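This report describes a protein model together with its ligands. Please examine the sequence and the structure shown below before reading on.

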Amino acid sequence: MSTRTARDAVLKPVPSAEPRSVTILGSTGSVGRNTVDLIRRHPGAYRIEALTGSDNVALLTEQARLLKPKLAVVANPARYAELKEALAGTGTELAAGAEAVTEAAQRPAEWVMASIVGAAGLKPTLAAVRRGAVIGLANKETLVCAGALMMGEVKRHKATLLPVDSEHSAIFQVFETERREAVDRIILTASGGPFRTVGHEVMKNATPAQAVKHPNWSMGAKISIDSATMMNKGLEIIEAQHLFNMPESRIDVLVHPQSVIHSMVSYVDGSVLAQLGTPDMRTPIAVALAWPKRMGCPSERLDFAKVSTLTFEAPDDIRFPALRLARQALRTGGGAPVVLNAANEIAVQAFLDGRIAFLDIAAIVESCLARVNAGAAADLEEVAAADQSARAEARRQVESRAAVH
Ligand SMILES: NC(=O)C1=CN([C@@H]2O[C@H](COP(=O)(O)OP(=O)(O)OC[C@H]3O[C@@H](n4cnc5c(N)ncnc54)[C@H](OP(=O)(O)O)[C@@H]3O)[C@@H](O)[C@H]2O)C=CC1
Ligand SMILES: CC(=O)[C@@H](O)[C@H](O)COP(=O)(O)O
Ligand SMILES: [Mn+2]
């Protein structure tokens, strides 16, 4: 078995007549940085239309100096002066604010990485869809909040949506679309997060530092906390339903602590197809970045002898109520997934800020699902209304819990 670990090698460029034009929405984040890393290893294969960040001007500046995009945008307008000073005279056009991020997505890049975190990614991603781009979709919250709208627009504008989330990339690679009637179930694997084996007391007293420490993946803070509550898997059930047009009742979650099998699809004849790899986001990003071809990627190769044991467990819905809440929101439909997502975003941030306890996160989401009138969420305005109502209610809940935390 190969143990090649060519992590720092500059790999052979993807053979192509023209460099592929690329925009990275959220280039300063974890997925964004991995995308930049891959692009830098394939000199001449890509040219950068636009890069966007929010607060990390230092990194955005560094990326812009290296990749020479036509446009660089900071979502936070308060950082514009800093960006302007740092990139003065480089020839890169500069802009700031949420509208400018959406405008960046409208620029004519063939391929767009959607790696903004949270519902803030919805409008820019939709803008890229509406001009028929090829989109590498990391931002799962987009599909959670507006899955039906999004998939409808993908079809209408002949856009291409390529999953980047590791589980959905795995499913994408083994899902026989031309024989979709033979698909029986989707099996989403879950690591179980840092609290997979601990008891209630440990979870009750969990600190942000403990919760953010994912056992296998290096990721941004928000998704790391989602993995710890297993809300990440709940969001991924919703994401899978939209991407693969599969009812929630046929999407299973299977805890697999090693994160080697990234997900599976079972077929009516008893076959189960899986995609495997080391836990390195550069592999699913590479799948989308080179699609429909494949490209070299420096992620560590799987060494089965070293892995030695792959284990599986049923998820624990009692210790991880987020799984049940996500399924409940999906079955309720309309704006319920929007409420689930918005309440979760507020609660996760409050936990990271030390204002509420770890177990408060799911409790706040549950309470918001019960209290907020979610509406139909059939268009962007209705999605925004449900999102705002849920955020307002979640903030109230945070205040009352923060007082006793
Ligand atoms: N990290 C991972 O390995 C994986 C991530 N995903 C999904 O990908 C998405 C990104 O995750 P990750 O890279 O971890 O997140 P990070 O927090 O690391 O990065 C988020 C990016 O979004 C930018 N950003 C933050 N807020 C806003 C805003 N309001 N408007 C515009 N841009 C904003 C950040 O800018 P700045 O940093 O400059 O403030 C940064 O570029 C999430 O939806 C996540 O669920 C899915 C699978 C794996
Ligand atoms: C890398 C990726 O796709 C994450 O969503 C990861 O899967 C999180 O791990 P959990 O399985 O712990 O949610
Ligand atoms: Mn995932």
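Lys-158 is found in the loop between α6 and β7 (160–163). The model is a predicted one. In this model, the phi angle of Lys-158 is near 50°, a positive value in a residue that is not glycine. Most residues other than glycine have a negative phi, and most peptide bonds are trans. A cis peptide bond, with omega at about 10°, joins Trp-291 and Pro-292. Pro-292 is found in the loop between α12 (282–290) and α13 (304–307).

**Domains and their contact**

The domain assignment of the protein chain gives two domains: domain 1 (20–164 + 281–301) and domain 2 (179–272 + 309–399). The contact between them takes 15 residues from domain 1 and 18 residues from domain 2. On the side of domain 1 that touches domain 2, α6 provides the largest share, nine residues. By class, that side of domain 1 divides into nine nonpolar, four polar and two charged residues. The C-alpha centres of domain 1 and domain 2 lie 24 Å apart.

**Annotated spans**

The UniProt record, an unreviewed entry, also carries domain annotations. The feature "domain: 1-deoxy-D-xylulose 5-phosphate reductoisomerase N-terminal" covers residues 22–147 according to that record. The record places "domain: 1-deoxy-D-xylulose 5-phosphate reductoisomerase C-terminal" at residues 161–244, and "domain: DXP reductoisomerase C-terminal" at residues 276–392. The table gives the helix and strand content of each span, with the distance between its end C-alpha atoms.

| Span | Helix | Strand | Distance between end C-alpha atoms |
|---|---|---|---|
| residues 22–147 | 44% | 22% | 24 Å |
| residues 161–244 | 49% | 13% | 11 Å |
| residues 276–392 | 57% | 1% | 41 Å |

**Ligand 1**

How many residues surround ligand 1? The shell holds 28 residues, and the closest are Gly-29, Gly-53, Ser-54, Met-219 and Gly-220. The elements that give two or more residues to this shell are α1 (30–40), α6 (140–156) and α10 (221–229). The largest share, three residues, comes from α1. Sorted by class, the shell around ligand 1 has eleven nonpolar, twelve polar and five charged residues. Because domain 1 and domain 2 both give residues to this shell, ligand 1 lies between them.

**Ligand 2**

Ligand 2 is surrounded by Asp-165, Ser-166, Glu-167, Ala-190, Ser-191, Gly-193, Trp-217, Ser-227, Asn-232, Lys-233 and Met-281. Two helices, α7 (166–174) and α11 (231–244), each supply at least two residues of this shell. Three residues of the shell around ligand 2 are nonpolar, five are polar and three are charged.

**Packing of α10 and α15**

Helix α10, which gives residues to the shell around ligand 1, packs with helix α15 (residues 336–352). The angle between these helices is about 100°, and their axes are 10 Å apart. At that angle, α10 is therefore roughly perpendicular to α15. The contact is made by Ala-221, Lys-222, Ile-225 and Asp-226 of α10 and by Val-348, Phe-351 and Leu-352 of α15. By class, this contact has five nonpolar, no polar and two charged residues.

Methods. Residues are numbered from 1 along each chain as its sequence is written. Chains are lettered from A and ligands numbered from 1 in the order in which they are written. This is a predicted model: local features need pLDDT of at least 70, side-chain atom pairs count only at pLDDT 80 or more; totals for chains, interfaces and linings use all residues. A residue is near a molecule or strand if its C-beta atom, placed from the backbone, lies within 6 Å of it. Helices (H or I, at least four residues) and strands (E, at least two) are DSSP runs, numbered from the N terminus. Ala, Val, Leu, Ile, Met, Phe, Trp, Tyr, Cys and Pro count as nonpolar, Asp, Glu, Lys and Arg as charged, and the others, Gly among them, as polar. Domain bounds come from an automatic or database domain assignment. Two residues are in contact if their C-beta atoms, placed from the backbone, lie within 7 Å. UniProt positions are given in the numbering used here, feature names are shortened, and annotations may be inferred rather than shown by experiment. Axes are lines fitted to C-alpha atoms, for helices over the stretch in contact, and angles run from 0 to 180 degrees between N-to-C directions. Angles under 35 degrees count as roughly parallel, over 145 as roughly antiparallel, 65 to 115 as roughly perpendicular and the rest as oblique.
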